[in-house]
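Good morning, and thank you for making time for this item. I would like to take the group through the internal spaces of one model, and then through its ligand. Please have the structure open in front of you.

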Amino acid sequence: MAKFDFSKRDSFGSKIGVIAAAAGSAIGLGNIWKFPYITGENGGGAFLLVYLACIALIGLPIMLAEFSLGRKANRNVFGAFKKLAPNTGWYWSGVLFNTAAFTIMSYYAVVAGWIFAYIPRSISGALSGQNFNEAFSNLNSSTVEPLIWSFVVLGLTIFFIHSGIKKGIEKYTKILMPILLVLMIILMIRSVTLPGAMEGIDFLFAPNFSALTPGGVLEALGHAFFSLSLGMGVMMTYGSYIQKQENLQTTSLQVVIADTAIALMAGVIIFPAVFAYDLEPSSGPGLIFITLPGVFNAMQGGIIFQTLFFILIGIAALTSTMSLVEVVASSVTEQLGISRNKGILMIAGLMALLIIPNSLSYGAMSDVTLFGHTVFGVFDFLASNIFLPVGGLMIALFLGWFYKLKNIRSEITNEGKYRFRLAGVYNYLIKYIAPVAIVIILLYATGILSKLGWV
Ligand code: TRP
């Protein structure tokens, strides 16, 4: 088999490109679809505080770990562990990371597909006057239309990344992310100027601790991982394309701040609007597909804002799917030595097959269940509750206990050029706090904690 020529490895060309790509990965359906509804279900402000603590104490350290390990190795996830820990079992983490990428992509593309399906519906005004609940279930329970949209998502993703890093991921995220930001600002201004908007702002920012359950705390931690794209080698892979002169400490901080800011902005778009029209903030996954169209329907110029809103989430989703596919694309091309185009086509074929049962989970295959979950439910559960926490745990343990901070320090400080003031705290977080917190999420998510009667 042909060998990959590592001297020709692609990289990001600019600092802004690194931020666009990494923040583009982090900012996605997690921020705009999921964050508002889980915040709504968990009572608003108190949940937000816990989420922020998880981001700062666990998310940020793991992000820096992934970036620095990736850049030091300058390889895909398999190659990285092989290079940093030769002749050890760590190499096999690559299997977990790649499996997670396939799993997440298979259902993420389905939700992204629904978003895309809502763009023409918004433009034509087809939703107005319909029962929004019915309109949504008519879409996700049918066979052909949602599948086509998921394939559109997959196709666009492949198109954006096939030319590589500089000419692919960097080029397109640099165009798409500013558009996303502008659309968010427009919608935010619209939302907070609605009569009665303050109630929504209060809901989001005023902490109501009585609504916060232990389950909510763990959900915050799990979501911090998902939202920052951690535990799957995305940031390791992107880190491997970051040039040596960039400061990884500031890069991690900027990506984390961007991701958190966008989640907050999504909350500031959604809650004031929901309260202004007297709707329920805790309506779950249907919040943006069912509740929000109701808001837009009642709003002057609603069609325009609704169209912008779904375009905005579509963009956010695409810059995330690029990162999911890139983890596999780099693994396949570098480990197997096949061309990028060929590798990506193979991956896309397999992903397309996996998307089918996920898409049909709400319709033709809704009766096909495992432990009471549809295929979609199983994939989502495995990814969010098992693969990502285990992946994050492995990264924390690898850096904290196996590789050791002293060996990555020069990567983090660019050979001593930048100070690493918080090294002591960092070591403590990565060795103890992150692993313990992750093990607790795992026990919770697998139902072990509730069997023990602890939550
Ligand atoms: N972070 C993205 C979001 O919030 C989703 C995502 C992309 C992701 N790549 C990932 C999640 C890798 C976990 C791991 O929507």
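The second largest cavity encloses about 60 Å³ of space. I should say at once that we are looking at a predicted model. Lining this cavity are L187, R190, S191, I269, I270, A273, L292, V295, F296 and M299. Three helices each give two or more residues to that lining, namely α8 (165-192), α12 and α13 (291-298). By class, the lining of the second largest cavity divides into eight nonpolar residues, one polar and one charged.

Two cavities of 30 Å³ or more are present in the structure. Let me turn to the other one. The largest cavity holds about 160 Å³ of space, and 16 residues line it. Those nearest its centre are S25, I104, F226, S229 and L324. The helices α1, α5, α10 and α14 each contribute two or more residues to this lining, and the largest share, three residues, comes from α14. As to composition, the lining of the largest cavity has nine nonpolar and seven polar residues, and no charged ones.

Where does the ligand sit? The ligand occupies the largest cavity. The shell around the ligand comprises 17 residues, and A26, G30, Y108, F226 and S229 come nearest. Elements supplying at least two residues of that shell are α1 (15-26), α2, α5, α10 and α14 (302-336). F226 therefore deserves a second look on your screens, as it is among the residues nearest the centre of the cavity lining and also among those nearest the ligand.The shell around the ligand has nine nonpolar residues and eight polar ones, with no charged residue.

Which polar atoms approach the ligand? A nitrogen atom of the ligand lies 2.9 Å from an N or O atom in the side chain of S229. The backbone takes part as well: an oxygen atom of the ligand is 2.8 Å from a backbone N or O atom of G30. At S25, a polar backbone atom is 3.2 Å from a nitrogen atom of the ligand. How much of the ligand does the protein bury? Taken alone, the ligand exposes 360 Å², and the protein buries 100% of that area.

I now move from the cavities to the pockets. The largest pocket has a volume of about 710 Å³. Its lining numbers 29 residues, and those nearest the centre are K34, Y37, E219, D380 and S384. Five helices each supply at least two residues of this lining: α2 (29-41), α5 (93-124), α10 (214-227), α16 (375-403) and α18 (423-445). Which of them gives the most? That is α16, with six residues. By class, the lining of the largest pocket contains 18 nonpolar, eight polar and three charged residues.

The second largest pocket has a volume of about 340 Å³. It is lined by 14 residues, among which L60, L64, Q249, F420 and L422 are the closest to the centre. Two or more residues of this lining come from each of α3 (45-73), α12 (248-276) and α18. The class count for the second largest pocket is 10 nonpolar, three polar and one charged.

Finally, some helices recur in this account. α12 contributes to the lining of the second largest cavity and to that of the second largest pocket. α18 supplies residues to the largest pocket and to the second largest pocket. α5 and α10 line the largest pocket and the largest cavity, and both belong to the shell around the ligand. Thank you; I am glad to take questions.

Note on methods. Residues numbered from 1 in each chain as written. Predicted model: local features only at pLDDT ≥ 70, side-chain atom pairs only at ≥ 80, totals over all residues. Heavy atoms only, no water. 1 Å grid on protein atoms, 1.4 Å probe; cavity = no way out; pocket = protein on both sides within 12 Å on 5 of 7 lines; lining within 4 Å. Points joined across faces, edges and corners; volume = space filled by probe spheres on them. Helix = DSSP H or I, 4+ residues; strand = E, 2+ residues; numbered from the N terminus. Nonpolar A, V, L, I, M, F, W, Y, C, P; charged D, E, K, R; others polar. Near = heavy atom within 4 Å. Polar contact = N/O pair within 3.5 Å; in protein donor to acceptor, adjacent residues only side chain to side chain. Areas by Shrake-Rupley, 256 points an atom, 1.4 Å probe, with all protein chains shown as cover. Sits in = over half its atoms within 2 Å of the grid points.
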